[in-house]
Every structure is written in C-alpha cells, then in structure tokens.
Amino acid sequence: MASGMIGGLVGAQPQIIEGVRGIFNVDQLKQAVGLNSGYNIAKATVVSIEQTTNLGGGAVWSLETINNICEYTHHHGLKVHMDGSRLLNACIATGIKASSYCEHVDSVSIDFAKGLGAPMGSVLAGSQAFIDKAWFYKFQQGGVMHQAGFMAAACIYALDHNIQRLSQDHANASYFAERLSQHHDIEVMTVETNIVIFTLNRRDSFDAYQLHQILLQKGIRLLALNDRQLRAIFHMDIQTKSIDKIIKIIIGVLPT
C-alpha cells in the first residue's frame, strides 16, 4: 500500500483485518468483506494473505486456515491471492510443500531476493487467463525489462541450491531471540521462521528509533517498527558466528 499504490493503480480500497500476528480466520473475514448489498458498501473482490507474515514476526499460516479462507471466498465469488514472499520459509519450517499451500489460492507471488539470496527477481503464478492479464498491465505500467536472463539464472540457482539452507536462517533467528530475551528489559515475540520482533520495555530510556540509528552506525541494520519495537530478519548473509557479536553490541548500548 506504499504511496497509495492500490488506490492509484487499480482504484481499489483495502480493508485491513486485524488478526493474530497477521493471520486472520474466516469469522474475521466475514465481518470485513462487506457481502451485504448497498450502494454505499464497496464490493469485495479479492482477499490477500501473506505467507509468512512480515510484521507478524514470520508467523506461518496453517494449511487448514488457508483452505478455510479459500473455501469461504470462492463460495462467495471472491479470489484469493497469496503474497508468498517467504512461502518457502513456511515450507521449510513445517515440511508442507508449496504446492499444498497454494492448491486452492487463485494466484501467488514468490520473491527470490529475500531468503533465497538472488540479487533481485520475483515470479507471479496463476491461471493462464490471469497471467495474460498480468502481462498486459505489466507493460501498461512500464514494468518492462529486456535481457533479463541473468536475473532468471540467479533465481533458478536459488531454487536449486538455497531452499534447504533456509533452515539455517530459522536456527539463527531462534538463537538470536534466545540470547536477546535474556536481557531483562527486552521482550521477544515467539520465533517461527527467520524474523525476530522484539520490544523495549523500559520507557525511561531511548526509544526504538534512537536504538536503530545507534546500531546502524555500528554496522547493524534493524528496522524500528514503532517507538518500542524493532525487527530483525535473518538471511544467508548473516553467519551464525556473528550473532554473539551482534548481541554484545545491542546489549552494550542499552541502558543498564
């Protein structure tokens, strides 16, 4: 939704559902999609789910929840899109195949430039009619790149070599969270995959934005989500041996 993207490009209005760690259920969806008729009620057309959740700390949608969402939406003539930026992280964490997670969704996107380690690149999958329409809008909106074979080569390499190693990112995230949670002024969200979100409990010290700037100057890049919370994402460029050093720096700058 950055820069009003949805409204500007397609004239749609997003309806946010406040689930648990970015995951909502069918009952919450029923209240949000606005199936009741009325001239003043926007008609819902598509439901989007994110696997794994970003600001939910890498939480994994269960297969049962996804299927229940798809069954309800399809019954009412709606489409389901899966933002699968970290879909393969979910696969590694649960042992469930991507094809199973995506069996009933209408479209899915996968990003190769995150945990899979490609320098750039993502793919969109769906029915032939959907992809034909996507190509049209891609060209219409200027999304054309010629000689893109080198990008595709990196993505293919990632699929062949970097999927199973995602488990190391998960292990690093869990170890980082375990070490960080030992500090009495830090509360760490439960880690499921490669994202760690933690909260600074003390309000008489500097806030998360200040800590972000201090750590950035020391070569550690985190994201301040608000004045109390920060997010750390683990990927193939972060080695296990570096985590203790990172923890030492973070603890070292926190007030005693």
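**Exercise 1.** State the order of the strands in the open sheet that contains β1, and find its edges.

*Solution.* Step 1: in this predicted model, 4 strands make up an open sheet ordered β1-β2-β3-β4, with mixed pairing. Strands are DSSP runs of E with at least two residues, helices are runs of H or I with at least four, and both are numbered from the N terminus. Two strands pair if DSSP finds at least two bridges between them.

Step 2: β1 (46-50) and β4 (122-126) each have a single partner strand, so they stand at the edges and one side of each lacks a neighbour in the sheet.

Step 3: from one strand to the next, the twist averages 15°. Angles run from 0 to 180 degrees between N-to-C directions, with axes fitted as lines to C-alpha atoms, for helices over the stretch in contact.

Residues are numbered from 1 along each chain as its sequence is written. Local features need pLDDT of at least 70, side-chain atom pairs count only at pLDDT 80 or more, totals for chains, interfaces and linings use all residues, and side-chain values use heavy atoms, without hydrogens and water.

**Exercise 2.** Describe how β2 and β3 are joined, and which helix packs on their sheet.

*Solution.* Step 1: strand β2 (residues 79-84) and strand β3 (residues 107-111) run parallel, joined by 4 bridges. Asp83 stands opposite Ser109 of β3.

Step 2: helix α3 (residues 63-75) packs on the sheet and touches β1 and β2, contact being heavy atoms within 4.5 Å. The direction of α3 makes about 150° with that of β2.

**Exercise 3.** Work out the arrangement of the sheet that contains β5.

*Solution.* Step 1: this open sheet of 4 strands follows the order β5-β6-β8-β7, and its pairing is antiparallel. β5 (186-188) and β7 (223-224) are the edge strands.

Step 2: 3 bridges pair β5 with strand β6 (residues 195-200); Glu187 has Thr199 in β6 as its bridge partner.
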